Amino acid sequence: MKYYYRQNIARYEEMKRLGRQAWAETIYGGSDYADFSSRAFLDDVVPRLWLEPTTPTALELGCGVGPGALYLSQRGFRVHGVDLIADAITEARRIAVDRDLDIRYDVMDVTRIPHEGPVYDLVVDSYCLQSIVLDEDREAVFTAVRARLDDSGYYLISSAMYATHRHDE
């Protein structure tokens, strides 16, 4: 079992124990499902992207229960979300159906994304890569992104940074 599996399994067990639906509620005291950790970043960056197709495509790495994928789908993207935790993908699928959104979700380790398959206009990594710490694992992610990202596409990465409101003193 890879080092990052145990950490993520423990996080979802904690989320279930607390009766929470999304990480922003569990970790950062977010108020609802739309209040997710990379929301402000996506609000700022996505409208400024130069995307060619009428309906752009997006792949979200480490999508969890899907708030980022929902966000993109609600803005006209055809979205494919992947996460290594089966329970998270099951919940993401349920939430998408409840909101009448057509989002494809798959259980997948981001270090093992096949290099063949559809290419995307946008690849979004919201706090996933920061858990992939070994050089060979990060290279596997970057190689997969290069293989699956359109030549004119964008790769957006959100990563943890210190914010006083997220930490106890």
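## The β-α-β unit

Strand β1 (residues 57–61), helix α4 (residues 67–74) and strand β2 (residues 78–83) form a β-α-β unit of right-handed sense. The model described here is predicted.

## Strand β1 and its neighbours

β1 has parallel pairings with two strands. With β2 there are 5 bridges, and Leu59 of β1 lies opposite His80 in β2. With strand β4 (residues 120–126) there are 4 bridges, again in the parallel sense; Glu60 has Val124 as its bridge partner in β4.

Burial matches a strand with cover on both faces. Thr57, Leu59 and Leu61 are buried on one side, and Ala58 and Glu60 are buried on the other. Because 5 of the 5 residues of β1 are buried, that is, under 20% relative accessible area, the strand is largely enclosed by the rest of the structure.

## Helix α1

Helix α1 (residues 3–17) contains 15 residues, for which a rise of 1.5 Å a residue gives an expected span of 21 Å. The C-alpha atoms at its ends are 22 Å apart, in agreement with that value.

Tyr4, Asn8, Tyr12 and Met15 are the buried residues of α1. Viewed down the helix axis, these buried residues fall within an arc of 65°, so they line one face of the helix. Glu13 and Arg17, on the other side of α1, are exposed. After the helix comes Gly19, with a positive phi near 70°.

Notes: Residues are numbered from 1 along each chain as its sequence is written. This is a predicted model: local features need pLDDT of at least 70, side-chain atom pairs count only at pLDDT 80 or more; totals for chains, interfaces and linings use all residues. Side-chain values use heavy atoms; hydrogens and water are left out. Buried means under 20% relative accessible area, exposed over 50%, partly exposed in between (1.4 Å probe, protein chains only). Two strands pair if DSSP finds at least two bridges between them. A crossover is right-handed if, with the strands pointing away from the viewer, the path from the first strand over the helix to the second runs clockwise. The expected span of a helix is 1.5 Å times one less than its number of residues. The arc is that of the directions from the helix axis to the C-beta atoms.
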